[in-house]
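Thanks for coming, everyone. I'll keep this short. Please have a look at the structure first.

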Amino acid sequence: MAVTSVIREPLVTGGKTIKDVSHDISRQVEGKPTKLWWMAMAISLALLGLGAYACAMLLWHGIGVWGLNKTVGWAWDITNFVWWVGIGHAGTLISAILLLFRQRWRMSINRAAEAMTIFAVICAASFPGFHMGRLWLGFYWALPLPNTFGSLWVNFNSPLLWDVFAISTYFTVSLVFWYMGLIPDFAVIRDRAVVQGNKIRANVYNALSFGWQGGAKTWMRYESVALILAGLSTPLVLSVHTIVSMDFATSVIPGWHTTIFPPYFVAGAIFSGFAMVLTLLIVTRKVFKLEDYITIYHIELMNIVIIITGSIVGIAYITELFISWYSRVPYEGYAFYNRVVGPYAWAYWAMMTCNVISPQLFWIKKIRTSIVATFVLSIIVNIGMWFERFVIIVTSLHRDYIPSSWTMFYPTWYDVGQYVFTFGIFFTAFFLFAKFFPVINMAEVKSIIKSTSEKK
Amino acid sequence: MEKESTKKIYWKGMEQLTNDAEFVKHAHQEFAPGPEEDLGHSRRDFLKMMGFGVAAVSLAACEAPIRKAIPYINKPEDTDPSIANYYASTYTNGGDYCSIVVKTREGRPIKIEGNSLSSVTKGGTSAQVEASVLSLYDNARLRFPRVADNKKASWEELDKAVIEKLTAVGGGKIVIVSNTIISPSTKAVIEKFKSKYPSTQHIQYDQSSFYGMLKANEESFGTAMIPSYDFSKAKVIVSVAADFLSSWLAPIEFTKQYAQTREVGEDKKEMSRHYQFEAGMSLAGANADYRTQIKPSEEGAVLVQLYNLLAAKAGRASVSGGVDKPNLAKAAEDLWKSRGNALVVAGSNDKSVQVVVNAINDILGSYGSTILPHLPVNYRQGDDQAMANFVKEVNAGSVSGVIFYNCNPVYDHPMGAELAAGLGKVQVKIATTYKEDETASLADFIAPDHHYLEAWNDAEPKKNHYSVAQPAITPIFKSRAAQESFLIWAGETNVDYFEIVKNNWKTWFYKSGNFQTWWDTCLYNGVLELPVEATSVSFAGDVSAAASAIASNYKGGSGFEVFVFENGTVGNGSQANNPLLQELPDPITKAVWEHYVTVAPADSKGINFKEAKTEYYTISINGKEPVKLPVLVQPGQTPGTLGIPLGYGRTKAGKVADGIGKNVYPLIGMVNGSLSYSVAGATFEAAGERYQIATTQTHQTYMARQTVVQETTLSNFERVDWKKEFQPKIATWKDPNHKVAPEELSLWKGHDYNNHHWGMAIDLNTCIGCGACVVACNVENNVSMVGREEVINRREMHWLRIDRYYSSDAAVHDVRGLEEAAENPEVVFQPMLCQHCNNAPCETVCPVAATTHSTEGLNQMTYNRCIGTRYCANNCPYKVRRFNWFKYHDNRQFEKVNPAMNTDLGKMVLNPDVTVRSRGVMEKCSFCVQRIQNGKLQAKKERRPLKDGEVITACQASCSTGAIVFGDVNDPESRISKLLKIAPRNPERPNGIDKLAGNPRAYQVLEEVGVKPNIWYLTKVRNKDA
């Protein structure tokens, strides 16, 4: 017996019962992969293969296969790194902060968003790895491990080391949080498999659910852990990108050396993260027929988050310009002048258009609630956010203090290949997840079925 | 019953059922015996053998190549592993000369430095001299004598055949062709050869000929000689197209003298004034105070005009002709004011032009002061007429035999093609080159000479100034001193050239005392200088005849004027196969591995030269093969002129040089009886092909960034009473109106350097931008050469670079306009290397602490620890860190461009004290830490403190002008402390990092960033009125 609030939009439509929820979500896992899924998977694997070739060439020949040079020491590598880390942020925000704020609309999107976080962080982490000249040593020299080199230790002053800690903490917490949420749902699939008589699936999902039995005490503990992890994750939403921004903010390079970076980066991260969640969910709800669970209302709410964060980012851009003029530091002034009208002005204006102007369209309700418009704009925002990082990294480096070293950066196919590689990882992982894991948190959605679902 | 029915029994086989005896015997074994057992191989054996096989195969597959290391069973005397030995010697390449000291390690020459005992070169070197050590290990060197059709032969076979052929020539004409020979002993050998074959003629020619000057001096003073010049005495220098800092006559000597006149400060408030009139931007022009653009055809007229202006003042008769140019009247005024301390030089090889120059110098009283005719130099003795006649004779078939003594006229003489075509008519053709070249490839016999570092020789660069060349290594290949070859062919029995040189010196110079001691001293010093009597000359030239010859010979006319010149890298092309020179950025254009035509911006409007992207153009001159070259837009070049460097377009020089550019020696013409390096009436047309020039610097101006480059004029400096003119100031939060110097602010307390505190001072006034230091640094520190493609990718590895900036006409706030160089810009050179910051931004960002600060102020790089995040390079405000993008050593991809790390022969040049960096690590200037360490160890061994001047960095050692001073700023008595007037900021912490430099010219680049560098620059001062 479903109850609908008179003032709130229903979060689940189509008059779903608790049984419907189990059925609708588990059906994807239990059924045979569709043709569409196979096609998507094939494309993802092709990207992965292509990217793996680029990685292999990179490892075999050296970083020189990329387009970097003596002046521009980072370009696509760290751009992609920051971009992917940023994307991950939406998942944590949805699962942790919105949980603490008791935003129930998060329930049908948090699973996919968290999965996205984890895959995005994996993609992101690949860049600091591959961008190292000597990856094989970097793996353990960048970690504060006891060693036989005497008093040799890592440099705790280095923001890159802070990155190592930030990213690894973030990944660990996100992974645990995500997996914990999956446990009751795995148990549902197991139970259904037992009934359906599929022993293999029953065993596999039993193992995955750690033998979840669903006792009241178990549920109580489950909820406590969820709250604790949400509490742990919340500062991470802010800290990870703050630390990433410090890679730039603590440097002496004009255009990097900016105190505004931490909040600006966090806002940008949530901005791009939500855009990516939208891109993925709009496809997922269509392919897996989950329109009743991920409704227009969900999409609208996420679009509102995008307007807010997009506006914060816009203000940050304008503040940077103002401060560079106001400071009267000639190098600072030139760095921003060069961004706006220099050889990379096209990248700057691409960023401005995609990140500041385009999200403002969401003020219009018709656009905000249009699936096609949202899909297109979500991709535009992600392009814009890629350009933001590119602009920060490359335009600041390519013309810094000493004019004799000024130069341009031209990417090679291996720069592109490395990016493609992470797309390969991301989509392969996401499609595997979408097929074999419940894409919507059944346990949580069931908890709101009675209160906020639409009557039949 | 029930129990029994469940108790089924199974058998392994019939044997078990029947309890067969054979079966019972083997029943305890896991497997029944099979045929393997019979062969004696068990399963275990099989696994063992397979395991061994797999291991052996995989081991064999990754077997390391065998390298033979031969231990010293009998250690050579004076060779101690890891201890360097130094030998005084002499660099000669044609008429180019330098007294040097060769550093050898374990018997291998690895570095060349100047010999400060020579009063001629005074310890100076040039890029070519520094780089020549790698030519010793050139893979294109000839490894054995060759006879007809390039057949490998023994020396006995070659000698027998050569003598036979030479004898068969009979009375036919034999010609020995060479570049200028400055070795008296070699000349004596040639005389001996001539006495055996009396029909022999010896012809000398020079790639950059001074025949016109020789003839002019013959006319003016009665002797065909080239005098010594002393720029150090000159208060006013006027140079008309003479690049005396890079290629004209004896640049090593002149740069040193010139630099003395350019030093300026509180203690020496005067400096010379330098006017340059030229077409292309030369190194001398770039250093001039006033530079005027003229066309090559106007050189003579400008000098005639200058003569007339001065003649009017001196009350001499004027001559007809002349053309007025900006700054010319002013130059005349200044020259006249400083007569007796003035000098006018001209680059022209035309007798008439040089006669006018002589007349001007005569008016100015330069002879005996800035020009020393009693001290003639032997650098250029080439005879253009004789060489041209020789080529004609070859083609006429009247030459029977020719010996090319270490010269390559087929390539580097204007009539080279004609000569090559005619050589077939010569019966005997012999070449004595040490490496392959275009001429030797046409010879019947190649008798490879030693490289100069393997050979005994002597040199007389100037009258009564001698320099000895001694071998620093046993000949690597089966080469033989060319002098010995000549003597053997002449049938001499006493052919040991070492003995000959020694005996010559004994006969010629030795006076009394123990000969062996005297000779050892000569070898030790490397030079022997005998007094020269001062004599005076009187000018007897005909100026008006010269002026009318100039007027009739140079009409200019329509079309472009093309001039060819030696650039500061590969020079005349004889050392073109040296990657150190190919990858040395041209001092002006900063191009590497490239041949191009320099064009004025006004003439290349269609080309947007940003990032050195350009187009091919075709230069056609009547009667010459058109030349297609990419355009390099050169600010400061005279519109209507085209400049092309010589030294490219080699075809048989070796892998490094072959195929780069075009040979433009054929463009050289003949005017007034001598070679003319410019031609008028050329057409210049787009070839419609795009091209990317490799340059190490694509942004040309310093964007009015005064904290990067500080410059002023002498009059300004006087006006501010020799005080510091510009000092960046920072407003603080306490009081925005009270601005403080950035050095007063720091987040950190800073460390104390209780022992040494290394620092460097670089004088922008005396740095002429030649690039010798860059080559010296590359050789000393095993810096990888990366090749054209990688330079286009902006990945050159140089630890030390010379930034060259052009001035801009735009206003300080016009940021866009500042990107464009002025039409005739002023130029500033700024050597840029790791600044060894005390608050180094690279050190804090390295995650693994691979770059750290030493207790002596050095910013150190630990290659082993580096994981290659490149964060340090990004965070370096000076952009001096270099990343190993690829494996540059032992990598076939880089074999051609970096033989020093990729071929067994080339590797002999590597400095064993410096690690060859692996792929993926960062590197940068170390302040030659190996030299610091060596100096400290030496002092420690001798139980004494390190003395100032004992540690000299490679760049400082190579700097002819002394622009670089390295030393301990903790030591108040050190040269650097005195030069910079160093004082501790805080008297309680005399050894703290904060040091005040009291020299008003001293400044630190990007001071306001607060990184507190250990390098100070001295402001550039131009001697201009405003």
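I'll go through a sheet, an interface and one residue. Keep in mind that this is a predicted model.

First, the sheet in chain B. Three strands make it up, and the sheet is open. Their order is 1-2-3, with antiparallel pairing. Which strands sit at the edges? They are strand 1, residues 84–93, and strand 3, residues 108–114, of chain B. Each of these pairs on one side only. From one strand to the next, the twist averages 35 degrees. Now take strand 2 of chain B, residues 96–105. It pairs with strand 3 of chain B over six bridges, in the antiparallel sense. Within strand 3 of chain B, B:Gly114 stands opposite B:Ile100.

Next, the interface. How many residues of chain B are in contact with chain A? The count is 44, and they meet 39 residues of chain A. Helix 26 (841–845), helix 27 (871–874) and strand 36 (882–883) of chain B each supply at least two residues to that side. By class, the chain B side has 22 nonpolar, 12 polar and 10 charged residues.

Last, B:Val570. You'll find it in the loop between strand 20 (560–565) and helix 22 (579–582) of chain B. Is B:Val570 buried or exposed? It counts as buried, because it has 30 C-beta neighbours inside 10 Å, and the cut-off for buried is 20 or more. Leaving out residues up to four places away in sequence, B:Val570 touches B:Gln575, B:Ala576, B:Leu581, B:Gln582, B:Gly647 and B:Tyr648. B:Leu584 is 14 residues from B:Val570 along the chain, and their C-alpha atoms are separated by 8.7 Å.

Methods. Residues are numbered from 1 along each chain as its sequence is written. Chains are lettered from A and ligands numbered from 1 in the order in which they are written. This is a predicted model: local features need pLDDT of at least 70, side-chain atom pairs count only at pLDDT 80 or more; totals for chains, interfaces and linings use all residues. Two strands pair if DSSP finds at least two bridges between them. Helices (H or I, at least four residues) and strands (E, at least two) are DSSP runs, numbered from the N terminus. Axes are lines fitted to C-alpha atoms, for helices over the stretch in contact, and angles run from 0 to 180 degrees between N-to-C directions. Two residues are in contact if their C-beta atoms, placed from the backbone, lie within 7 Å. Ala, Val, Leu, Ile, Met, Phe, Trp, Tyr, Cys and Pro count as nonpolar, Asp, Glu, Lys and Arg as charged, and the others, Gly among them, as polar. A residue is buried if 20 or more other C-beta atoms lie within 10 Å of its own, exposed if 12 or fewer, and partly exposed in between; C-beta atoms are placed from the backbone.
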